[in-house]
Every structure is written in structure tokens, then in C-alpha cells.
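Please look at the sequence and the 3D structure below, and keep both in view while you read. The paragraphs that follow take you through the model step by step.

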Amino acid sequence: MNMNVIFRPFARNVWYMFLLLTIIIVSTLWIIFKLGKDDADTNTVLIIIAAVSQQGFPFNSNQIASRLAFLQTMIFGLLLYNCYAGAIVSARLNTPLNKMNDSLYSIVNSKMKLGASREKYLNVLMNVGFIILHSTLAEIQYFKRYWQAIPEKEKYYSVEDGIKAIMKPGFAYHTEPLKAYPLIERIFDNQMICRLTEVHWLRPSVLGVWSSRRNQFQEIAKIG
């Protein structure tokens with residue numbers, strides 16, 4: 001939690017006004033208690049602390065002035081407490097998650113440990129270089145150098161081990177979504193799932209499929 005959130009709900013001039021009003025209230029209560037021959041030194045401080053902290057405090061006085069001052073102090077503390085508490089909750093709910101961008105640059109620059117499952121398409125893409133290694137995109141070439149620098153024995157993990165490894169910070173894992181997502185749903189809680197970020201090796205694109213009319217593969221092309 002950022003410590004600035006503690007002071008962020010109120011602007012600086014509001015904090016100054018709060019301190020000024022506190023001094024005025026303490027002084028007023030002290031004068032009222034002193035004139036009424038009550039224990040002014042102790043009660044004044046305790047009443048202010050109880051009002052701001054919204055805690056109970058035994059207060060008995062027959063003076064109308066002290067009762068009015070006490071009521072005003074409690075209302076002041078109630079408004080301050082509710083406004084501050086609401087602002088803190090709002091600040092916490094609106095704090096964006098520190099998630100990684102969907103970018104291969106982000107993966108490399110984060111110095112995260114990388115791993116992948118041994119998929120057939122992965123061997124084609126990464127080792128043979130059918131798409132990725134021959135791509136002229138600067139982002140892919142940047143990632144390729146980082147991936148190839150990893151020792152071969154440290155690249156590949158089973159799906160179970162890879163998914164469990166990303167439960168700890170500093171690890172990124174690649175596998176087929178149909179294998180990964182059911183396992184994530186089973187062993188991750190909701191908060192952990194919300195903190196996950198998917199980074200694409202290749203950007204999703206639209207693919208057009210054509211087939212001649214009354215072709216035996218037309219129905220397959222529609223479904224596929």
C-alpha cells in the first residue's frame with residue numbers, strides 16, 4: 001500500500017483547517033470545563049481523541065455549554081471519520097493493478113524467467129523459425145534473442161509445473177490456452193486470476209477462408 005494514500009483523501013489546506021479546528025475545539029472545551037470546575041486537562045484531550053477515533057467516552061456534565069460543545073465535537077468527528085474512511089476505500093478500489101503490458105518488450109525488460117510446454121507448434125515456431133524467427137517485426141526479433149539465450153534444459157516445463165510456477169512472481173509461462181485455463185481456474189483464486197496478464201507472441205489476426213461452391217470441404221471450412 002502506498003503511504004501517500006493515507007494523506008491523499010484530504011488536500012493540504014483541509015489538513016491545516018482540521019488542525020486549526022482541533023485547536024479551537026480543545027481550547028473551547030478547556031475554557032468551558034475550567035469555568036465549570038471540571039477536570040479540564042484530562043477530559044479535553046480524551047474527548048477529542050474519542051471523537052476523531054469514533055470511540056466511546058464516558059461524559060457527564062450538567063452544563064448546557066459543555067453538552068453543546070461535546071455534541072458539536074462528536075458531529076465534527078463523525079463527519080471527518082466517514083469522509084476519510086470513504087476516501088480511503090475509494091482510493092484503494094480505484095488503484096490500478098500493476099499489470100504487465102501485452103508486449104514482448106515488457107516480458108524481456110522485466111527480466112522474468114521464461115518457460116514453455118513442449119508443443120509441436122512451438123517447436124515449429126521457435127526452433128525451426130517458420131514464423132517467429134523469420135519475422136521482420138522488431139518486437140519479435142527482440143524477444144527471439146532473449147529466448148534463444150536461455151539454456152535448452154531450462155526452457156521447457158510440464159503444464160502443471162509451469163502453471164504452478166507462475167503463482168510466484170518473476171515467471172512467465174507459455175502453453176495452449178485450452179490446457180492452461182482449466183488448470184488456472186482450478187488452482188488459482190479470483191484475486192490471482194485478476195492479476196494475470198496474457199502476452200501474445202503473435203498478435204491475433206483475421207483469417208479469410210475460401211472454398212468453391214459445392215466443394216466436399218465446404219462444410220469443414222465453415223465449421224473450422
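In this predicted model, the largest pocket is lined by 41 residues, and those that lie nearest its centre are Y173, L196, T197, E198 and V199. The space inside this pocket comes to about 1,200 Å³. Several elements give two or more residues to the lining, namely helix 5 (104-109), strand 1 (113-116), helix 6 (120-128), helix 7 (138-148), strand 2 (171-174), helix 9 (177-187) and helix 10 (190-194). Among these elements, helix 9 gives the most, with five residues. If you sort the lining by the kind of residue, you find 28 that are nonpolar, seven that are polar and six that are charged. As for the idea behind such a search, rolling a probe the size of a water molecule over the atoms shows where empty space is left.

It helps now to step back and look at the whole chain. The secondary structure of the protein chain comes to eleven helices and two strands, and if you follow the elements from the N terminus on, they run α-α-α-α-α-β-α-α-α-β-α-α-α. Of the 224 residues in the protein chain, 29% are buried.

Helix 9, which gives the most residues to the pocket lining, is a good place to see how burial can be arranged around a helix. Which residues of helix 9 are buried? In this helix A180, L183 and I184 are buried, and because these residues cover an arc of only 105 degrees around the axis, they sit on the same side of helix 9. The face of helix 9 that is turned away from this buried side carries L178, E185 and R186, which are exposed.

Aromatic rings offer another way to trace contacts, and a search of the whole structure finds seven aromatic pairs. In one of them, the rings of Y105 and Y142 have their centres 5.1 Å apart and their planes at 45 degrees, so this pair is tilted. Since Y105 lies in helix 5 and Y142 in helix 7, the pair ties together parts that are 37 residues apart in sequence. Y105 is partly exposed, with a relative accessible area of 33%, and Y142 also counts as partly exposed, at 28% relative accessibility. The rings of F171 and Y173 give a second example: their centres are 6.4 Å apart and their planes stand at 20 degrees, so this pair is stacked. Both F171 and Y173 are buried, and Y173 is also one of the residues that lie nearest the centre of the largest pocket. Elsewhere in the chain, W15, F18 and Y84 form one aromatic cluster.

What about the cysteines? The structure holds zero disulfides. C83 is partly exposed, with a relative accessible area of 43%, while C194 has 48% relative accessibility and therefore also counts as partly exposed.

Finally, turn to the backbone, with a general pattern in mind. Most residues other than glycine have a negative phi, and most peptide bonds are trans. Where does K111 lie in the chain? K111 is found in the loop between helix 5 and strand 1, and although K111 is not a glycine, its phi is positive, at about 60 degrees. With a relative accessible area of 64%, K111 is exposed, because exposed means over 50%. R214, found in the loop between helix 10 and helix 11 (218-223), likewise has a positive phi of about 60 degrees although R214 is not a glycine. The relative accessible area of R214 is 73%, so R214 is exposed.

Definitions and conventions. Residues numbered from 1 in each chain as written. Predicted model: local features only at pLDDT ≥ 70, side-chain atom pairs only at ≥ 80, totals over all residues. Heavy atoms only, no water. 1 Å grid on protein atoms, 1.4 Å probe; cavity = no way out; pocket = protein on both sides within 12 Å on 5 of 7 lines; lining within 4 Å. Points joined across faces, edges and corners; volume = space filled by probe spheres on them. Helix = DSSP H or I, 4+ residues; strand = E, 2+ residues; numbered from the N terminus. Nonpolar A, V, L, I, M, F, W, Y, C, P; charged D, E, K, R; others polar. Disulfide = S-S within 2.5 Å. Buried < 20%, exposed > 50% of the residue type's maximum accessible area, 1.4 Å probe, protein only. Phe/Tyr/Trp six-rings, centres within 6.5 Å; stacked < 30°, edge-to-face > 60°. Arc of directions from axis to C-beta.
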